[in-house]
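Please open the predicted model in the viewer and keep the selection tool at hand. The tour proceeds by side chains, beginning with sulfur atoms and then turning to aromatic rings.

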Amino acid sequence: VISRKMGRGPRKPKYCGSCGIYVFVSSDGGLPRLLVHRRSRQVSEPQTVAAPGGIVERALCGIDGNNFRAGARVTAVRELVEETGFQLDDQQVLQLVDLPSAPGAYWGEGTHLNFSIVLSDFPPVTGPEQDSLHELVKGGMDGIGEPAGDEYHAWVTVDELLGRQDLMKACRLPLEHFAESWSGETQPLSFQHVPPRRPALPSGPEDADEPLAKKPRGSVARRLQD
């Protein structure tokens, strides 16, 4: 009996990249504030200050698993909800703008996407979901910027973040780009994303990934996966 799996080739890894989401609020004069938290010791780059983000599952990247942009966008919006309690509405999701990514992405060149939006007012930040509590440090942003009200996050000006030594390394390049391109409008200048080269993914076991990965939950991924 010939196995039905013959000829299908090696199984693709479950995870294919990562993403970040930068939520800014404009202010009167100066650079906008960014919503950030301090990463815990249970995730990579512990004790650094960073914007929300996470790992992209291939299952979210279209039928063939190759639409990385679609999967990264869904994941970014979902991670924002899971880590901060704030959910972008449909119109805001459409307004997301790219920011450049630092080199050295874990899954290879082009496998990390950063999305951003500039809001005119502070949105409600209710805090991380139960399954995400271990990723953030409660009180980790005390004394930095303006408290977001959940004991985990703060709104910090871009120039202050760029002057901090504990800013997560991967966050510096997108924030530098934002600072250089900011003109006071509701959106920063966009950055043209370069699609990942193929093949750009590891060939090891499907679960051989360094950071914590979380499965999509609830209506967020279902509603945005289009």
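Select Cys61 first and display its sulfur. The closest cysteine sulfur to it belongs to Cys16, at 3.6 Å, which is too far for a bond. The reasoning rests on a cut-off: a disulfide requires two cysteine sulfur atoms within 2.5 Å. In total, the structure contains 0 disulfides.

Keep Cys61 selected and consider its surroundings. Cys61 has a relative accessible area of 0% and is therefore buried. Next, select Cys171: its relative accessibility is 5%, so Cys171 is likewise classed as buried.

Now move to the aromatic rings. How many aromatic pairs does the count give? The count comes to 5. For one of them, select Tyr106 and Trp107: the ring centres lie 4.7 Å apart and the planes meet at 90 degrees, an edge-to-face arrangement. Colour the two residues by accessibility. Tyr106, at 42% relative accessibility, is partly exposed, whereas Trp107, at 2% relative accessible area, is buried.

Then select Phe178 and Trp182. Their ring centres are separated by 5.4 Å and their planes are at 20 degrees, so this pair is stacked. The assignment follows because planes under 30 degrees apart count as stacked. Are these two residues buried or exposed? Phe178 and Trp182 are both buried.

To finish, extend the selection to Tyr22 and Phe24. Together with Phe178 and Trp182, these residues form a cluster linked by ring pairs. Displaying the four side chains at once shows the stacked pair Phe178 and Trp182 as part of that cluster.

Notes:
Residues are numbered from 1 along each chain as its sequence is written. This is a predicted model: local features need pLDDT of at least 70, side-chain atom pairs count only at pLDDT 80 or more; totals for chains, interfaces and linings use all residues. Side-chain values use heavy atoms; hydrogens and water are left out. Rings of Phe, Tyr and Trp (its six-membered ring) pair if their centres lie within 6.5 Å; planes under 30 degrees apart count as stacked, over 60 as edge-to-face and the rest as tilted. Buried means under 20% relative accessible area, exposed over 50%, partly exposed in between (1.4 Å probe, protein chains only).
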